[in-house]
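Reader: I would be grateful for a close look at the largest pocket of this model. Please describe its lining and then set it in the context of the rest of the structure.

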Amino acid sequence: MEFPILTKARAPLKECLKGCHAMYKTVITCAVTGAETTRKDNANLPLTPEEIADAAHEAYLAGAAILHLHVRDQAGQPTQDIEVFKKTIDLIGRKCDMVIEVTTGGAVGMSLEERMLPLGLDPEMASLDCGTMNFGEDHIVNTLPMMREMASAMQRRGIRPTLECFDLSHLDAAAQLIKEGLVTPPFYYGIVLNVPSGVRYDPETLAFFVRRLPKGSFWTAIGIGGKASLQSIYGAIPLEGFLRVGLEDNVYFAKGVLAESNAQLVQRAARIAREYGCEIATPADVRKLLQLRG
Ligand code: ZN
């Protein structure tokens, strides 16, 4: 499989015609592993630090600028072990300069302390779940005090949070953190739709979420499952949203056809964005856009 190489000189960043953003390019995030997906779902799922680093590098070559990172232990189970995160991030850093967004969502049943461990590595970005939600038959707890603790740890360390909102009420909880000064601009949201027993993906729902974001916010649509993942790509681009794909969110390339790799999903997202006339953001673009520590 061939991927376009992103090393050639790129056009200067553009002013958004509406003046709402200083610049607009499509940012693609790849969520290569996640906590819930297994090899039974898709045999191509990367699990070890080496496999995750290879998958991240391939995704980068295909156009992903941000890596949403979960890691697994030797048995393939989700872990927040800082050493595994460190090893994986070091391996990725030897291959490319992707922006690393570590998970603090972790996996169902993990304590807050455990979930926050990878923040100790001072990544440039981290996910911050903005409320308690159903997750199929399970649920993930994120009370406001827990969110404050995560947000203030990220603020102290200069880590840009991705405010992951799985429900409309999560936008209001995020607004509370902003009001308290625990999250400062530029604001960056992940709008997560179609989690089992969560809000369904629907173009009107996505548009409604986007209208409720603070002015000038950046956001990524995260559709869970094969259909919603593809729909959210087509749904986000006209709304100037960013894209997230990867085996964490969806293991299929098409109905009944498993994805060959994370890069295959990134390649398609990049192709769709380019066909729409968008340029694909590089990690350097993301660092500038989201004012990352670098
Ligand atoms: Zn995740």
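Author: In this predicted model, the volume of the largest pocket comes to about 600 Å³. Its lining consists of 36 residues, and those nearest the centre of the pocket are Glu36, Phe135, Ile224, Glu248 and Asp249. By character, the lining residues comprise 15 nonpolar, 13 polar and eight charged ones. Two strands, E6 (125-129) and E7 (133-135), each contribute at least two residues to this lining.

One of the residues nearest the pocket centre, Glu248, also takes part in metal binding: the zinc ion is coordinated by Glu248 through OE, together with His68 and His70, each through NE2, at 2.1 Å. Along the chain these donors follow the spacing H-x1-H-x177-E. The pair His68 and Glu248 thus links distant parts of the chain, 180 residues apart. His68 belongs to strand E2 (residues 66-69), while Glu248 is in the loop between strand E12 (242-245) and strand E13 (252-254). The two donors also vary in their accessibility. With a relative accessible area of 2%, His68 is buried. Glu248, by contrast, is partly exposed, at 22%, the limit for a buried residue being under 20%.

The cysteines merit a separate remark. A disulfide is a covalent bond between the sulfur atoms of two cysteines. The count of disulfides here is zero. The closest cysteine sulfur to that of Cys130 is in Cys165, at 4.3 Å, which is too far for a bond because a disulfide requires the two sulfur atoms to be within 2.5 Å. Cys165 is likewise in no disulfide, its nearest cysteine sulfur being that of Cys130. Both residues are shielded by the criterion of accessible area: Cys130 is buried at 1% relative accessibility, and Cys165 is buried at 0%.

As for the protein as a whole, nine helices and 14 strands are present. The radius of gyration is 17 Å, close to the 19 Å that the globule rule gives for 294 residues, so the protein is as compact as a globular protein of that length. Taken along the principal axes, its C-alpha atoms fill a box of roughly 45 × 45 × 35 Å. Of the 294 residues, 56% are buried.

Methods: Residues numbered from 1 in each chain as written. Predicted model: local features only at pLDDT ≥ 70, side-chain atom pairs only at ≥ 80, totals over all residues. Heavy atoms only, no water. Donors = N, O, S within 2.8 Å, 3.2 Å for Na, K, Ca; no water. Helix = DSSP H or I, 4+ residues; strand = E, 2+ residues; numbered from the N terminus. Buried < 20%, exposed > 50% of the residue type's maximum accessible area, 1.4 Å probe, protein only. 1 Å grid on protein atoms, 1.4 Å probe; cavity = no way out; pocket = protein on both sides within 12 Å on 5 of 7 lines; lining within 4 Å. Points joined across faces, edges and corners; volume = space filled by probe spheres on them. Nonpolar A, V, L, I, M, F, W, Y, C, P; charged D, E, K, R; others polar. Rg over C-alpha atoms; globule rule 2.2 N^0.38 Å.
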